[in-house]
Amino acid sequence: MRLSWAALAVCVPVFAAPTPPDKLTGPQPWLESSQQPAGDRVGQCAFDGDDTTSYKSAGPAKSGDTLTVELSEPVAVKELAVLTGEADGSAKLAAGALEVSVDGKAWEDVAKVDAGTAKTKLDGRQVKALRLKVTADGTDPLVVRELWLSSTPAVPRYSYPLDLLVDCQAADLKDWSVGMRRTVMTWWPFFCEMLASDGYRPARRIDMDIKEQDGVAATGGTHITGSAQWFRAHRDDVGAMIHESIHVIQHYPRYDPVWLVEGITDWARWWNYETLGHRPKPRPGGSYRDSYQRTGAFLDWIETHRAPGLTVKLSTAMRRNQYSPDVWARWTGADLDTLWAEYQASFAK
Ligand SMILES: [Zn+2]
């Protein structure tokens with residue numbers, strides 16, 4: 001059977017509606033590019049089931065450059081292919097090979113790139129990792145429109161391609177930052193799916209600096225900064241970076257009302273990502289305007305007792321600049337102060 005690029009768009013599975021990454025079953029991909037991407041043309045764009053999006057390296061393709069997909073478990077591969085170069089036919093890879101590995105360490109060349117593409121049949125061979133390897137220096141960047149594999153079981157493609165580029169300026173936090181990056185990137189599709197709204201596509205690239213500074217972490221647009229002091233003392237607080245990545249997904253035009261923006265973010269973090277034992281226990285008192293965990297706990301109470309799905313509706317309204325205080329009554333049947341009074345009363349029960 002010949003491989004058909006046209007079939008690509010219809011035959012690839014996508015991540016189902018949010019399943020937490022620790023509950024996903026079957027093989028999961030982990031993609032790395034040896035070179036940083038040009039702009040937001042990140043590596044995962046080459047494994048998203050869409051050959052109109054592509055990875056592009058920041059610099060010219062160099063011998064030894066790779067785009068690697070490692071799988072969480074081996075699969076039986078029937079066919080494997082790669083399509084390189086821009087849609088207009090430029091920047092096709094001149095010299096490269098498709099390689100596979102049974103253990104992610106030792107590699108075997110299974111197909112040579114010819115006229116920018118490579119295809120091969122593997123007849124059900126067990127594969128744990130595959131990669132495209134550049135075999136001669138070029139002058140064009142490496143552009144990969146799609147890596148394609150047909151396997152049993154099937155491997156899901158990236159529904160929300162992302163690269164998180166971490167510049168960790170604290171030598172003692174380098175190892176920590178590698179694990180943190182992997183956790184944030186692994187949870188990214190879950191939060192993108194959870195906070196999805198029609199016509200909205202989340203960013204594909206986040207740049208993060210970890211440096212000596214006060215505070216915990218902050219986000220502006222697609223740029224996150226984290227405090228080395230904080231994470232040195234709180235290595236288990238990866239959730240703080242999850243919180244910041246959720247701000248990137250929110251992409252609200254206004255940071256207003258602040259308490260609601262931060263409440264939605266902390267609800268998403270604490271009541272979805274964090275384990276039950278790590279989650280703050282809701283306490284009475286304060287105000288819904290307290291932001292963060294207090295507002296997040298209030299949102300969770302409304303979700304549970306009044307209006308399931310409210311938080312995502314609020315998030316969509318905020319993203320569209322359509323939030324107003326009257327949405328509470330419209331979507332829950334009670335205004336904000338009444339809801340808060342009910343929530344407070346619930347602690348007495
Ligand atoms: Zn925040």
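This is a short tour of a predicted model, from its domains down to one strand and its partners. Residue numbers start from 1 along each chain as its sequence is written. Because the model is predicted, local features need pLDDT of at least 70 and side-chain atom pairs count only at pLDDT 80 or more, while totals for chains, interfaces and linings use all residues.

**Domains**

Select residues 5-152 for domain 1 and 163-346 for domain 2; these bounds come from an automatic or database domain assignment. Their C-alpha centres lie 32 Å apart. The contact between them takes 13 residues from domain 1 and eleven residues from domain 2, where contact means C-beta atoms, placed from the backbone, within 7 Å. On the domain 1 side there are eight nonpolar, four polar and one charged residues (nonpolar: Ala, Val, Leu, Ile, Met, Phe, Trp, Tyr, Cys and Pro; charged: Asp, Glu, Lys and Arg; polar: the others, Gly among them).

**Strand 4**

Next, select residues 96-101, strand 4 (strands are DSSP E runs of at least two residues, numbered from the N terminus). Show the side chains: G96, L98 and V100 point to one face and are buried, with 20 or more other C-beta atoms within 10 Å of their own, placed from the backbone. A97, E99 and S101 point to the other face and are not buried.

**Partners of strand 4**

Add strand 6, residues 117-134, which runs antiparallel to strand 4 and is joined to it by six bridges (pairing needs at least two DSSP bridges). Then add strand 5, residues 108-112, also antiparallel to strand 4, with four bridges. Centre on L98: its bridge partner in strand 6 is L132, and in strand 5 it is A111.

Finish at the hairpin of strands 4 and 5, with six residues between the strands. There, G104 takes a positive phi near 80 degrees.

Key. Buried ≥ 20, exposed ≤ 12 C-beta atoms within 10 Å, placed from the backbone. Contact = placed C-beta atoms within 7 Å.
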